[in-house]
Amino acid sequence: IVVYVLYVIASVLGNSPLLARSSPLTSGNYGFSALLEPYGLIAYFEQSAYWVNAQRNQMEPQLSGSLLSNRLLWIAISLSMFAYTYQRFTFKLQEERSKKVELETTTSGLKIQPYQAVVPNHQFEDFHIDIWFSKLKIEYASLARAKVFWVLMILTIVFVAVHLTVEMLTGPINGAQPYYASSELVLESLLDPFIIFGKLVAVIYAVELYWNDRAVNAYAIIDATPTSNFTFFLAKLSNVLAILFSLITAGMLTAIVFQLLRGITDLNFSAYALLYYYAGVPILSVALLSLLLQCFAKHKAVGFLLAIGVFSLDIFWKALNVKHPLLVFAYSPKFYFSEMANTIYHHEAFHWYGFYWLSLGAIFGLLAVQFWRRGENLIATSWTRNSEGLLAGFVMCFVASGSYVFYQTNVFNTYINAK
């Protein structure tokens with residue numbers, strides 16, 4: 001995640017041509033961008049921008065000047081990260097330092113209490129709620145104290161600040177006149193990066209949380225407790241969403257500070273609240289599928305590969321030239337807000353796509369509860385009438401919403417892909 005965000009920040013600062021809103025390159029504005037852009041495209045274009053067709057067919061770029069400096073810089077950065085990772089990585093589990101406790105050998109002065117029977121508590125619903133809330137607090141507190149969480153928090157703040165600075169301060173007219181950074185425009189600019197970043201964070205934390213009990217060898221005790229699979233599943237899912245919402249909130253606060261520094265005081269907090277919904281729906285779908293796949297993985301490494309496969313589904317579908325929205329997992333329409341019309345374009349389509357993917361996510365969640373690993377072996381719990389009814393209901397919602405979207409996309413309207 002750190003490497004991904006580092007490349008994005010460097011691309012923004014380096015005015016990479018891979019970004020949709022990068023400024024046009026001219027012969028006089030390569031300079032620092034040619035050195036900082038991580039993919040070396042600007043340095044390449046500096047040599048080949050004015051080649052004619054005959055030169056493009058015969059000549060090759062020379063590894064010199066800005067192109068050589070760019071490659072040496074990023075190779076040095078890559079080798080430094082590799083050396084640091086190699087130095088710190090170990091296959092051994094970190095052993096916590098235990099403090100020695102002196103045991104008293106005498107029991108003099110202790111009053112022996114007769115045995116008293118404990119009245120059992122039959123309020124199982126309250127019991128499950130207490131277990132869920134307890135695991136939610138303990139695991140979230142543990143994750144929030146970890147260095148990884150604070151690194152992600154700092155990266156989120158830095159990325160939002162850099163992204164908004166580049167996007168809002170370089171407009172397309174009147175010599176790059178800055179945009180008026182309204183809350184809706186800021187939301188439109190941040191939504192797509194947050195969805196991509198959130199999906200990556202979701203799959204990684206889904207893996208970490210699922211295997212956390214086994215990493216500390218506490219799974220035998222926890223799995224033996226008289227608690228339903230749904231309680232454990234909901235605790236893991238809630239913590240994934242809590243971490244993501246914490247990062248999104250940090251990004252929102254950074255955006256608000258950016259607006260205030262630009263002298264914009266008419267903040268639209270309801271527009272910022274939409275970020276939880278528009279970014280949360282596709283991220284939740286990815287998290288549900290990632291948790292389901294962990295149930296069938298025998299080791300954490302296999303589960304991690306499966307989760308990364310979920311994140312890479314978009315690349316896989318593009319390689320197969322699959323572009324229909326009903327087949328691209330966790331697809332959501334582009335967010336556009338019109339200040340003139342005071343409306344969000346495609347909001348109704350987003351609701352239907354969200355309902356479609358959340359119905360499929362609910363099926364994934366129900367299967368994850370049924371196949372939740374207890375102990376060493378994967379033993380599916382028996383299907384009850386309630387679980388069968390829920391599965392039938394989710395399948396009906398999935399088919400019905402998918403049919404309606406297909407009708408609106410391909411029958412009532414003429415389907416036109418992005419190309």
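A cavity here is a set of points on a 1 Å grid over the protein atoms alone where a 1.4 Å probe fits but cannot get out, and its lining residues have an atom within 4 Å of a point.

A few friendly notes on this predicted model follow. Local features need pLDDT of at least 70 and side-chain atom pairs pLDDT 80 or more, while totals for chains, interfaces and linings use all residues. Residues are numbered from 1 along each chain as its sequence is written, and side-chain values use heavy atoms, without hydrogens or water.

1. **The cavities.** Please start with the enclosed space: there are 3 cavities of 30 Å³ or more. The largest holds about 70 Å³, and the second largest has a volume of about 60 Å³ (volume being the space filled by probe spheres set on grid points joined across faces, edges and corners).

2. **Lining of the largest cavity.** Ten names are worth selecting in your viewer: K135, Y210, D213, R214, I222, D223, F232, K236, W372 and R373 line the largest cavity. Helix 8, helix 9 (219-223) and helix 10 each bring at least two residues to this lining (helices are DSSP runs of H or I of at least four residues, strands E runs of at least two, numbered from the N terminus). Helix 8 gives the most, with 3 residues. By class, the lining has 4 nonpolar, no polar and 6 charged residues (Ala, Val, Leu, Ile, Met, Phe, Trp, Tyr, Cys and Pro count as nonpolar, Asp, Glu, Lys and Arg as charged, the others, Gly among them, as polar).

3. **Lining of the second largest cavity.** T156, F194, F197, G198, L244, L247 and I248 form the wall of the second largest cavity. Helix 8 and helix 10 each supply at least two of its residues. In this lining I would point out 5 nonpolar and 2 polar residues, with no charged ones.

4. **A charged network.** The whole structure contains 6 salt bridges (a side-chain nitrogen of Lys or Arg within 4 Å of a carboxyl oxygen of Asp or Glu). K135, E139, D213 and K236 are joined by such bridges into a network. Three of these names, K135, D213 and K236, also appear in the lining of the largest cavity, so the two features are best viewed together.

5. **E139 and its partners.** Within the network, E139 pairs with K135, their closest N and O atoms being 3.2 Å apart. Both sit in helix 6 (residues 124-145), 4 residues apart, or about one turn of the helix. E139 also bridges to K236 at 2.7 Å, N to O. That second pair links distant parts of the chain, with E139 in helix 6 and K236 in helix 10 (residues 229-261), 97 residues apart. Are E139 and K236 buried or exposed? Both are buried (under 20% relative accessible area with a 1.4 Å probe, protein chains only; exposed is over 50%, partly exposed in between). For E139 the value is 6%, and K135 is buried too, at 12%.

6. **D192 and K334.** Another bridge joins D192 to K334, with 2.4 Å between the closest N and O atoms. D192 belongs to helix 8 (residues 183-215) and K334 to the loop between helix 13 (313-319) and strand 1 (336-338), so the pair ties together parts 142 residues apart in sequence. D192 counts as partly exposed because its relative accessibility is 31%; K334, at 36%, is likewise partly exposed.

7. **A330.** Please check the backbone here: A330 has a positive phi of about 60° although it is not a glycine. A330 lies in the loop between helix 13 and strand 1. With a relative accessible area of 4%, A330 is buried.

8. **Helix 11.** Helix 11 (residues 269-294) has 26 residues and spans 37 Å from first to last C-alpha, close to the expected 38 Å (1.5 Å times one less than the number of residues). Where does helix 11 bend? The bend, of about 40°, is at G280, and a proline, P282, follows within four residues (the angle between axes fitted to the seven residues ending there and the seven starting there). Y277 is in helix 11 and counts as partly exposed, at 31% relative accessibility. Y277 and G354 are 77 residues apart in sequence, with 9.5 Å between their C-alpha atoms.

9. **Helix 7.** Helix 7 (residues 147-169) covers 33 Å with its 23 residues, close to the 33 Å expected. Its buried residues include F149, L152, T156, H163 and E167. T156 is also one of the residues lining the second largest cavity.

Conventions. 1 Å grid on protein atoms, 1.4 Å probe; cavity = no way out; pocket = protein on both sides within 12 Å on 5 of 7 lines; lining within 4 Å.
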